[in-house]
Amino acid sequence: MRRLAAVLTGAAVAVTVLAGCGGEDNWAKKCTTANGVVECTPDQRTPVKPVTGELLDGGKYDLSQDRGKVVVVNFWGSWCAPCRAEADDLEKTYQATKDKGVTFVGVNTRDERDAAKAFERGRVTYPSIYDVDAKVALQFDVTQVSTPATLIIDRQGRIAVALRQATTVTQLQPLVEKVAAEETR
């Protein structure tokens, strides 16, 4: 019963964070928004707060360990049909861009660990944070992110792009490559 209560509480927090309650993100107000994609120029970006979490397969993840790389963060759940649809596109983009100083990390939310592991098996090769209680999602301080959603963090640790919907390789890869091609400022 206690586990069920914890899961339900976590789900309620996740729904609030990921569904967009609380108005538009402060960082996004000064950026360009079109068709569910928020793009910020380097001078419009604000730093992401420290983000840490437990990896789905064990171990810890700390966003600061990837400073100097472009980090693509994808929020997903095994229960999410659009997440299933975009998984191959995320993996293709990861494979196409990892040699350009790009890394990917998933954030699995509102899920059971076994279901999440089964979902990932054979679909993606990058790690995922297990975020059943949506605590990691809160660390990103992004209120208008649904599931699925993808953030592109620049080499200085700032949100450059937010996709508030499922994505495809034809949409995501050019955005990732654009951020990866930026000079360090």
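## Overall layout

The protein folds into five helices and nine strands. Bear in mind as you look around that this is a predicted model. Reading from the N terminus, the order of elements is α-β-β-β-β-β-α-β-α-β-α-β-β-α.

Of the 185 residues, 50% count as buried. The accessible surface comes to about 8800 Å², and carbon and sulfur atoms account for 53% of that area. Sequence-distant contacts are well represented too: among contacts between residues at least 6 apart in sequence, 71% join residues at least 24 apart.

## Salt bridges and the Arg-45 pairs

Let's turn to charged side chains. Side chains of opposite charge can pair when their charged atoms come close. In this protein the count comes to seven salt bridges.

A good place to start is Arg-45, which forms a salt bridge with Asp-154, with the closest N and O atoms 2.9 Å apart. Arg-45 sits in the loop between strand E2 (37–39) and strand E3 (52–54), while Asp-154 sits in the loop between strand E8 (149–153) and strand E9 (159–163), so this pair ties together parts that are 109 residues apart in sequence. Are these two partners buried or exposed? Arg-45 counts as buried because its relative accessibility is 9%, under the 20% cut-off. Asp-154 is also buried, at 1% relative accessibility.

## A second partner and a network

Arg-45 has another acidic partner: its side chain meets that of Glu-182 in a salt bridge, at 2.7 Å from N to O. Here, too, distant parts of the chain are linked, with Arg-45 in the loop between E2 and E3 and Glu-182 in the segment after helix H5 (169–180), 137 residues apart.

Which residues make up the salt-bridge network? Arg-45, Asp-154, Arg-158 and Glu-182 are linked in it. If you have the structure open, Arg-45 is a handy residue to select, since you can follow its pairs to Asp-154 and to Glu-182.

## Helix H3 meets strand E3

One more salt bridge is worth a look: the side chains of Arg-113 and Glu-54 meet at 3.0 Å, N to O. Arg-113 belongs to helix H3 (residues 113–120) and Glu-54 to strand E3, so the pair ties together parts that are 59 residues apart in sequence.

How accessible are these two residues? Arg-113 counts as partly exposed, at 23% relative accessibility. Glu-54 is partly exposed as well, with a relative accessible area of 35%.

Note on methods: Residues numbered from 1 in each chain as written. Predicted model: local features only at pLDDT ≥ 70, side-chain atom pairs only at ≥ 80, totals over all residues. Heavy atoms only, no water. Helix = DSSP H or I, 4+ residues; strand = E, 2+ residues; numbered from the N terminus. Buried < 20%, exposed > 50% of the residue type's maximum accessible area, 1.4 Å probe, protein only. Contact = heavy atoms within 4.5 Å. Areas by Shrake-Rupley, 256 points an atom, 1.4 Å probe, with all protein chains shown as cover. Salt bridge = Lys/Arg side-chain N within 4 Å of Asp/Glu carboxyl O.
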